[in-house]
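Grab a coffee and open the viewer. Below are some short exercises, each with a solution worked step by step.

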Amino acid sequence: MEKLDKREYCGWAEEIYQKICVKMKAQAQRVGTDIPYIPENGRYKDMGNEGIHWWTNGFWPGILWQMYHATNEEFYKETARGVEKRLDQALNHYSGLDHDVGFIWLHASVADYRLTGDEEAKERGLKAAGVLASRYNPAGQYLSAWNGNRPGHMIIDCLMNTPLLYWASRETEDPRFALIAERHTDTALKYIVREDGSCNHIVILDPVTGEFTDNPGGQGYGKGSSWSRGQAWAVYGFVLGYKYTGKIEYLEASKRVAHYFLANAAITDYVPLLDFRAPKEPVYYDTTAGAIAACGLLALAEVVDIFEKRLYAEGALKILKAIEKKHCNWNPEEDSIVDFGSAKYHREEDREVPIIYGDYFFIEGILRLLEKSFLIW
């Protein structure tokens, strides 16, 4: 596959990378092995005591491992390992874990193993993969998302957890993990992606028969709407599925959702709305959806035909530039880079605020442009 010439993007990306280096060095020294989520008054608080199982807890070590790979500075590695060891509190308490173990341990332990070959990190990653595989429902061929009285719920986000299973199959030479990931992706393609490239967030399947029962509203505006972060998960998740399986239908799904995402993002100058099908007023944005989608678009640009590459690479660049111009905080004395991230449409406290995964995907996108990143997924 002919590579995309990224030289024309590198000048701007290099400038932003230098800002990232200044900001992350100051932040890493300040935050250390705390586990951040949303800053308050410019400072992160530690999530590790009250929310050790929270799905975003891997993104800080993910940032640290990306920075270690890009800079080769040992401080990032040692800090990331400190967080990784703290996360053993979660890994050793099975009842609190759900499908988001991929988000956590791909970034914490699998990243460590990929970069350093550390055997303890590998064991943590394989244990997490076993937890994820245990959530597979063979009747509906899907990974159950959450705990509690919701055994039939599957969500679009889980496509980003499945790379943990592909990795585990490769490491153990056991195809079962990868087969679970593939079957789940097939089910997501069947029930979550709509014909126009929009997506449901949640689908409910009967946990005994596997039959479709409902597609309720999730973290977007409501039933039948188009939560932009869900769209972004689909862009990136399906192209990752293609990377690991070679199934062309996954690539086509990623492209279809990407076209839908880019068309909608263009309307708001490439900073996406929180939901593409919400009422005109009030207007809410979600920069995290943009940063995630940008990484997925750059991943697409790496695998499509040479004549298709520019569409996805230019789209990613427009999104990253728009986020940087309007919503980035480069003050090294304050925590977090990307503002205006939104977790849920109907919850004010985490709407249009800095969120740790917005920073992770923004940094990954910049490093991708400069070919300084490594594939955490």
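Two strands count as paired if DSSP finds at least two bridges between them. Helices (H or I, at least four residues) and strands (E, at least two) are DSSP runs, numbered from the N terminus. A word on the source: this is a predicted model, where local features need pLDDT of at least 70 and side-chain atom pairs count only at pLDDT 80 or more, while totals for chains, interfaces and linings use all residues. Residues are numbered from 1 along each chain as its sequence is written, and side-chain values use heavy atoms, with hydrogens and water left out.

**Exercise 1. Work out the strand order of the open sheet, and find which strands are at its edges.**

Step 1. Trace the three strands: the order is β3-β4-β5, and the pairing is antiparallel.

Step 2. Look for strands that pair on one side only; these are β3 (153–155) and β5 (212–214), the edge strands.

Step 3. Check the twist, which averages 40 degrees from one strand to the next. For angles here, axes are lines fitted to C-alpha atoms, for helices over the stretch in contact, and angles run from 0 to 180 degrees between N-to-C directions.

Step 4. Zoom in on β4 (residues 202–205) and β5: two bridges join this antiparallel pair. Leucine 205 sits opposite phenylalanine 212 in β5.

Step 5. Now add the helix. α8 (residues 176–191) lies across β3, β4 and β5, and runs at about 85 degrees to β3.

**Exercise 2. Describe how α3 packs on α5.**

Step 1. Know what to report: two packed helices are described by the angle between their axes and the distance between the axes.

Step 2. Read off both values. α3 (residues 74–86) and α5 (residues 101–116) pack at about 140 degrees, with axes 9 Å apart.

Step 3. Put a word to the angle. Under 35 degrees counts as roughly parallel, over 145 as roughly antiparallel, 65 to 115 as roughly perpendicular and the rest as oblique. So α3 and α5 are oblique to each other.

Step 4. Get the hand. A crossing is left-handed if the near helix is turned anticlockwise from the far one by less than a right angle, and right-handed if clockwise. α3 passes α5 in a left-handed crossing.

Step 5. List who touches whom, with contact meaning heavy atoms within 4.5 Å. α3 brings Lys77, Arg81 and Glu84, and α5 brings Ala108, Ser109, Asp112 and Thr116.

Step 6. Sort them by class. Ala, Val, Leu, Ile, Met, Phe, Trp, Tyr, Cys and Pro count as nonpolar, Asp, Glu, Lys and Arg as charged, and the others, Gly among them, as polar. The contact of α3 with α5 has one nonpolar, two polar and four charged residues.

**Exercise 3. Do the same for α11 and α13.**

Step 1. The axes of α11 and α13 (residues 356–369) come within 8 Å and cross at roughly 30 degrees. That angle is why α11 is called roughly parallel to α13.

Step 2. This crossing is left-handed.

Step 3. On the α11 side, the contact includes Thr288, Ile292 and Leu298; on the α13 side, Phe361, Phe362 and Arg368 are among the residues involved.

Step 4. By class, the contact of α11 with α13 has nine nonpolar, three polar and two charged residues.

**Exercise 4. Hunt for backbone oddities in the loops.**

Step 1. Recall the norm: most residues other than glycine have a negative phi, and most peptide bonds are trans.

Step 2. Asparagine 41, in the loop between α1 (7–31) and α2 (59–71), has phi near 55 degrees, a positive value in a residue other than glycine. Buried means under 20% relative accessible area, exposed over 50%, partly exposed in between (1.4 Å probe, protein chains only). At 83%, asparagine 41 is therefore exposed.

Step 3. Go to the loop between α10 and α11, home of tyrosine 270. Tyrosine 270 has a positive phi of about 75 degrees although it is not a glycine, and with 22% relative accessibility it counts as partly exposed.

Step 4. Proline 282 is in the loop between α10 (248–267) and α11 (287–301). The peptide bond from glutamate 281 to proline 282 is cis, with omega near -5 degrees.

**Exercise 5. Is histidine 327 buried or exposed, and what does it touch?**

Step 1. Locate histidine 327 in helix α12 (residues 306–327).

Step 2. Its relative accessibility is 14%, so histidine 327 counts as buried.

Step 3. Leaving aside neighbours within four places in sequence, histidine 327 contacts Val271, Thr287, Ile337, Val338, Asp339 and Phe340.
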